[in-house]
Amino acid sequence: MSNTNTLATQDRPELQELIERIVDSGFVGASLRVHDERGEWVGSAGVSELGATTPPPVDGHVRIGSNTKTFTAAIVLRLVAEGRIELDAPAIRYLPDYALDERVTVRMLLQHTSGIFNITGELYEDGTIVPGVPSTIAGKEWVDKRFETYRPEDLANLALSKPARFEPGTGWSYSNTNYIIARLLVEQVTGRPLAEEAQRLIFGPLGMTDTVLPGASTDLPEPHPHAYYRYSDGGEQHTVDVTLHNPSWVCTGGDMISTTADLHTFIRALLDGTLLPEPLLAEMLRTHDTGIPGMPYGLGVFVQETEGGATLITHNGGIAGYATLMYSTPDASVTMTASLTFVDDAEMTLAPVFQVTQKTLVDAVFGGEPGNALSDKAS
């Protein structure tokens with residue numbers, strides 16, 4: 001039986017059993033938070049670190065990977081509301097010193113329709129891989145360089161020096177670079193670091209005291225569960241604790257730290273109209289086809305159509321042994337946020353299990369059968 005830690009305001013043994021089964025499928029630990037018509041339920045299962053018996057904190061600090069993108073998109077849209085950014089303006093208007101295609105708009109950056117090279121590497125349909133900076137698909141190379149600092153300006157310039165994947169606006173391809181450029185755009189327009197704008201526009205107004213934009217800091221606030229990475233060297237397998245590492249390699253594509261409580265606060269405020277005026281929320285939820293069945297993409301969010309006919313607003317993230325899930329109904333009446341810890345590797349061995357876990361949780365909380373989910377690794 002898995003170790004458990006539950007602070008439930010309601011009796012939901014089926015949810016506790018579910019996260020115990022998730023841990024048994026291959027995860028080190030899992031924490032789940034559900035808000036619905038029955039109130040709030042929070043629980044955890046597994047262990048906080050390998051070799052220990054303490055369960056994960058039910059609201060521990062975790063690296064949220066690509067959930068960072070939803071926050072960044074919301075910040076950009078808040079600046080649109082303030083009249084400081086135009087959504088359909090060429091991004092080069094705000095960043096004239098970068099080699100941006102003049103056809104790339106701010107909207108295209110947030111929507112992943114710019115065609116700009118993904119700084120963490122591009123995988124093409126024929127199996128060709130064009131590497132970028134060392135990321136968690138790089139094995140020992142990433143482990144050896146996990147404390148290096150990368151400047152967002154350098155990441156953007158490197159990506160822009162690579163051939164585009166397609167002409168701007170003619171396709172869809174998930175690229176961390178889009179959000180690195182969005183960060184640079186925010187900082188250029190406001191004259192302040194993205195972290196300060198996040199505090200002014202989101203964290204402060206919503207009272208989100210446990211969400212951090214770490215920059216090049218390797219720290220993770222307490223309490224937190226641990227995350228791991230496995231790699232090969234000289235024919236031998238090694239597993240290392242990568243809880244503390246420098247996330248600047250993925251920058252605003254997936255570097256934020258948060259908790260399941262803060263993620264719930266954020267997605268609820270995003271969808272209930274607290275953060276964005278109705279016309280801009282509508283723009284955020286207006287989607288572009290991704291080629292992933294049932295998973296079109298808006299501006300920093302997927303709008304997932306389940307096989308049961310339900311609509312969910314979501315973004316998930318994964319980075320170096322951490323995975324986070326963030327789901328809500330469009331009216332924010334039901335939300336689910338979760339964090340998972342695991343032993344990551346270059347082959348993304350646990351990705352199929354992660355797919356099953358997403359489906360299982362969505363079915364349990366929202367009912368119905370979800371469409372095919374994206375393996376949303378920050379790498």
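Select Arg 165 and Tyr 124: the charged end of Arg 165 sits over the ring of Tyr 124, 4.5 Å from the ring centre. The model is predicted, and every distance on this tour is computed from it. Next pick Lys 162 and Phe 117. Lys 162 lies over the face of Phe 117, at 5.8 Å from the centre of the ring.

**Ring pairs**

The whole structure holds 10 aromatic pairs. Show Phe 71 and Phe 266, whose planes are at 10° with centres 3.8 Å apart, so this pair is stacked. Phe 71 belongs to helix 2 (residues 67-81) and Phe 266 to helix 8 (residues 260-271); the pair links distant parts of the chain, 195 residues apart. Both Phe 71 and Phe 266 are buried.

Move on to Trp 172 and Phe 302, an edge-to-face pair with 65° between the planes and 6.4 Å centre to centre. Trp 172 is in the loop between helix 5 (152-160) and helix 6 (176-190), while Phe 302 is in strand 10 (residues 302-305), 130 residues apart. Both are buried. Add Tyr 174 and Tyr 297 to the selection: ring pairs link them with Trp 172 and Phe 302 into a cluster.

**An acid in helix 8**

Go back to helix 8 and select Asp 262. Which side chain of opposite charge is nearest to Asp 262? It is Arg 33, 8.5 Å away, and Asp 262 has no salt bridge although it is buried. The side chain of Asp 262 does make a polar contact of 2.7 Å with the side chain of Thr 211.

**Salt bridges**

The count of salt bridges comes to 23. Centre on Arg 33, which counts as buried because its relative accessibility is 8%, under the 20% limit. Arg 33 forms a salt bridge with Glu 40, the closest N and O atoms being 2.7 Å apart. Glu 40 is partly exposed, with a relative accessible area of 27%. Arg 33 also forms a salt bridge with Asp 59, at 3.6 Å between the closest N and O atoms. That pair links Arg 33 in strand 2 (residues 29-36) to Asp 59 in the loop between strand 3 (39-46) and strand 4 (62-63). Asp 59 counts as partly exposed at 23% relative accessibility.

Last, select helix 7 (residues 194-206), where Arg 200 and Glu 197 lie three residues apart, about one turn of the helix. Their salt bridge has its closest N and O atoms 2.8 Å apart. Glu 197 is buried at 0% relative accessibility, whereas Arg 200 is partly exposed at 35%. Add Glu 82, Arg 84 and Arg 192 to show the network of salt bridges that links them with Glu 197 and Arg 200.

Notes. Residues are numbered from 1 along each chain as its sequence is written. This is a predicted model: local features need pLDDT of at least 70, side-chain atom pairs count only at pLDDT 80 or more; totals for chains, interfaces and linings use all residues. Side-chain values use heavy atoms; hydrogens and water are left out. Rings of Phe, Tyr and Trp (its six-membered ring) pair if their centres lie within 6.5 Å; planes under 30 degrees apart count as stacked, over 60 as edge-to-face and the rest as tilted. Helices (H or I, at least four residues) and strands (E, at least two) are DSSP runs, numbered from the N terminus. Buried means under 20% relative accessible area, exposed over 50%, partly exposed in between (1.4 Å probe, protein chains only). A charge sits over a ring if NZ of Lys or CZ of Arg is within 6 Å of the ring centre and within 35 degrees of the ring normal. Lys and Arg count as positive and Asp and Glu as negative; His and the chain ends are not counted. A salt bridge is a side-chain nitrogen of Lys or Arg within 4 Å of a carboxyl oxygen of Asp or Glu. A polar contact is a pair of N or O atoms within 3.5 Å; within protein, one must be able to donate a hydrogen and the other to accept it, and residues adjacent in sequence count only if both atoms are side-chain atoms.
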